[in-house]
Amino acid sequence: MGCSCMKLKRRVYEDAATLSSQTHFTVKEVKALLELFNNLSSSLKDDGFISKEEFQIGLFRNSKTQSFFADRMFKLFDSTNDGVIEFGEFVRALSIFHPVASLEEKADFLFRLYDVRQAGFIEHQGVKKMIMALLQESGLTLPEDIIQDMINKTFEEADRNDDGKIDAEEWKNFVCRNPPLLKNMTIPYLMDLTAAFPSFSTKLDTDDEGNDTF
């Protein structure tokens, strides 16, 4: 007789010291991130994981909002591609936005964001989809010809071998020549995470004598 039971993921948190050693966050910052993570992961279902719907609630306060940008961000946070964001994935992804994270880390994240087909390079259509999504999130509109002109100029400067796509090395060089592209890739202080996820608030544990494990 068959069993239709579904395997459930177990709630397992990596300890703060381990995550701190692998990211740009201090142990105290990791503990503060756990506060934010717990709020996000329990907004619809208290299972210790952030679903795509909960991720969208954190970004837009509405789980029903359809957003290509949110989908792309969720996929980058969900490094194991299992449909949920675990605490370790959450911390490691946010570490890229830390002020001391390197240009290479930030550029690589943006490259993967714009590589919408996960083909190993950035294509015209992928850039257009991302620009349209970002404009939508900002409540802005631009004429089609202006958007296409922006894309063409980007490829003229970045695509040095003129093969119609931008590979990782070309992208890195392009970002180095245009550092303002990384302006939104830095969150100056840990408390600024509440601005990125406005539905929730977080608090720092000011007790430095606490245990480093959860």
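Helices here are DSSP runs of at least four residues, numbered from the N terminus. With that in hand, a tour of this predicted model can begin.

The protein has 10 helices and 2 strands. Followed along the sequence, these elements appear in the pattern α-α-α-α-α-α-β-α-α-β-α-α. Of its 214 residues, 38% count as buried. Contacts within the chain can also be sorted by how far apart the partners sit in sequence. Among those between residues at least 6 apart, 60% join residues at least 24 apart.

A record adds some labels to this picture. The UniProt annotation "domain: EF-hand", from an unreviewed entry, covers residues 65-100 and 146-181. In the model, the span 146-181 is 64% helix and 6% strand, and its end C-alpha atoms lie 18 Å apart.

Two helices invite a simple check of length. Helix H6 (residues 103-114) has 12 residues, which should span 16 Å at 1.5 Å a residue. The end C-alpha atoms of H6 are indeed 16 Å apart, so the expected and computed spans agree. Helix H7 (124-138) has 15 residues and reaches 21 Å from its first C-alpha to its last, close to the 21 Å expected. Just after H7, Gly-139 takes a positive phi of about 70°.

Both of these helices have buried residues. In H6 the buried residues are Lys-106, Ala-107, Phe-109, Leu-110, Phe-111, Leu-113 and Tyr-114. What lies over the buried residues of H6? The cover includes helix H4 (68-77), strand E1 (121-122), H7, strand E2 (166-167) and H9. In H7, the buried residues are Gly-126, Val-127, Met-130, Ile-131, Ala-133 and Leu-135. Their cover includes H4, H6, E1 and helix H8 (144-158). H4 and E1 therefore appear in the cover of H6 and again in the cover of H7, by the contact rule of heavy atoms within 4.5 Å.

Helix H5 (residues 87-95) is mostly covered, with 8 of its 9 residues buried. These are Phe-87, Gly-88, Glu-89, Phe-90, Val-91, Ala-93, Leu-94 and Ser-95. Arg-92, also in H5, is partly exposed, with a relative accessible area of 32%. This arginine has a charged partner, which leads to the salt bridges.

The count comes to 8 salt bridges. One of them joins Glu-14 and Arg-92, whose closest N and O atoms are 2.7 Å apart. Glu-14 lies in the segment before helix H1 (16-22) and Arg-92 in H5, so this pair ties together parts that are 78 residues apart in sequence. Glu-14 is partly exposed, with a relative accessible area of 29%.

Another salt bridge brings together the side chains of Asp-71 and Lys-52, at 3.7 Å from N to O. Here the pair links distant parts of the chain: Asp-71 belongs to helix H4 and Lys-52 to helix H3 (residues 52-60), 19 residues apart. Asp-71 is partly exposed at a relative accessible area of 22%, and Lys-52 is partly exposed at 30%.

A further salt bridge is formed by the side chains of Arg-177 and Glu-157, with an N to O distance of 3.6 Å. Arg-177 lies in helix H9 and Glu-157 in helix H8, so the pair ties together parts that are 20 residues apart in sequence. Arg-177 counts as partly exposed at 37% relative accessibility, while Glu-157 is partly exposed with a relative accessible area of 30%.

Helix H9 (residues 168-177) also holds Glu-170, a charged residue in another setting. Is Glu-170 buried or exposed? Glu-170 is buried, yet has no salt bridge. Why is no salt bridge counted for Glu-170? The nearest side chain of opposite charge, Arg-160, is 7.3 Å away, and a salt bridge needs a side-chain nitrogen of Lys or Arg within 4 Å of a carboxyl oxygen of Asp or Glu, so the pair does not qualify.

Glu-170 does have other neighbours. A polar atom of the Glu-170 side chain lies 3.2 Å from the backbone nitrogen of Asn-161. Setting aside residues up to four places away in sequence, Glu-170 touches Ala-158, Asp-159, Arg-160, Asn-161 and Lys-165. Taken together, Glu-170 in H9 is a buried residue without a salt bridge, whose side chain has a polar atom 3.2 Å from the backbone nitrogen of Asn-161.

Conventions. Residues are numbered from 1 along each chain as its sequence is written. This is a predicted model: local features need pLDDT of at least 70, side-chain atom pairs count only at pLDDT 80 or more; totals for chains, interfaces and linings use all residues. Side-chain values use heavy atoms; hydrogens and water are left out. Buried means under 20% relative accessible area, exposed over 50%, partly exposed in between (1.4 Å probe, protein chains only). Lys and Arg count as positive and Asp and Glu as negative; His and the chain ends are not counted. A polar contact is a pair of N or O atoms within 3.5 Å; within protein, one must be able to donate a hydrogen and the other to accept it, and residues adjacent in sequence count only if both atoms are side-chain atoms. The expected span of a helix is 1.5 Å times one less than its number of residues. UniProt positions are given in the numbering used here, feature names are shortened, and annotations may be inferred rather than shown by experiment.
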